[in-house]
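Work through the short exercises below with the model open. Try each task before you read its solution.

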Amino acid sequence: MNKEEVLTKQTSQTLQGFDDNDIGDDHLFTGLETPMKADAFKLSDQEKKERIAILFEEIMDVMGLDLTDDSLKGTPKRVAKMYIDEIFSGLNPQNKPKIALFDNKYQYNQMLVEKNITFYSNCEHHFVPIIGKAHVAYISSGKVIGLSKLNRIVQYFAKRPQVQERLTNQIAEELKAILKTDDVAVIIDAKHLCVSSRGIKDESSATVTTFYGGQFNTPEKIAELQNYLKD
Ligand SMILES: [Zn+2]
């Protein structure tokens with residue numbers, strides 16, 4: 001088997017016999033980590049922006065758009081800057097929020113729930129928005145985290161090409177690592193524009209994904225948490 005055949009075989013194994021088109025509309029994913037190349041950070045952010053601007057200009061040109069039009073000529077650079085500095089900034093570990101922990105001085109030992117964290121992400125199969133709310137909860141193992149940091153962790157992982165299941169698990173694993181406890185929960189309720197604005201065009205459906213770790217993985221804790229999330 002040559003290298004390409006090996007790669008194809010590995011890919012079809014991880015995709016379980018589905019082809020890329022099937023995968024795209026069904027939003028399966030292949031692992032916890034965002035698939036990145038080994039040399040993902042060989043180029044500086046500035047170099048990436050310059051490359052993306054050239055390539056995006058080509059996409060627009062191929063589609064027949066007139067790049068000399070005043071309204072369009074700045075678009076390739078705007079898109080490149082937006083990709084690197086904003087909507088995909090969470091691909092770069094340097095942008096990961098720095099988290100300070102505090103001692104749990106109040107000895108608060110019940111669940112803490114931070115709910116309705118609005119986030120904007122993008123579907124990695126279509127590069128169109130995923131818009132949703134994340135609810136995160138934890139039970140302190142002795143340390144507590146600033147509430148705004150819970151929000152920042154959600155935003156960091158949202159700013160990647162994503163699938164909702166992976167976003168849920170990446171947030172949960174990060175919280176577990178930072179808070180040094182398995183007792184974390186993450187619930188995400190989101191709308192996928194690739195479902196509502198194209199493809200099957202269902203405007204009313206939403207996707208809910210959950211992670212219940214440690215003490216949260218009991219019917220009582222799940223019921224308690226769900227109760228707090230009722231509006
Ligand atoms: Zn999609």
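Three exercises on this predicted model follow.

**Exercise 1. Find which strands stand at the edges of the open sheet.**

Solution.
- Start with the order. Five strands form the open sheet, in the order 5-2-3-6-7, with mixed pairing.
- Now read off the ends. Strand 5 (161-162) and strand 7 (207-212) each have a single partner strand, so one side of each lacks a neighbour in the sheet.

**Exercise 2. Describe how strand 2 and strand 5 pair, then find the helices on the sheet.**

Solution.
- Take the pair. Strand 2 (residues 111-123) runs parallel to strand 5, and two bridges link them.
- Locate one bridge. Cysteine 123 has glutamine 162, in strand 5, as its bridge partner.
- Add helix 5. Residues 147-158 form this helix, which lies across strand 2, strand 3 (129-139) and strand 5. Its angle to strand 2 is about 25 degrees.
- Add helix 8. This helix (residues 219-229) packs on the sheet and touches strand 2, strand 3, strand 6 (184-192) and strand 7. Its direction makes about 70 degrees with that of strand 2.

**Exercise 3. Decide whether glutamine 107 and phenylalanine 127 are buried or exposed.**

Solution.
- Place them. Glutamine 107 is in the loop between strand 1 (101-103) and strand 2. Phenylalanine 127 is in the loop between strand 2 and strand 3.
- Check the backbone. Phi is near 55 degrees, a positive value, in glutamine 107 and in phenylalanine 127.
- Apply the cut-off. A residue is exposed if 12 or fewer other C-beta atoms lie within 10 Å of its own.
- Conclude. Glutamine 107 has 8 and is exposed. Phenylalanine 127 has 12 and is exposed.

Terms used:
Residues numbered from 1 in each chain as written. Predicted model: local features only at pLDDT ≥ 70, side-chain atom pairs only at ≥ 80, totals over all residues. Pairing = 2+ DSSP bridges. Helix = DSSP H or I, 4+ residues; strand = E, 2+ residues; numbered from the N terminus. Contact = placed C-beta atoms within 7 Å. Axes fitted to C-alpha atoms, helices over the stretch in contact; angles between N-to-C directions. Buried ≥ 20, exposed ≤ 12 C-beta atoms within 10 Å, placed from the backbone.
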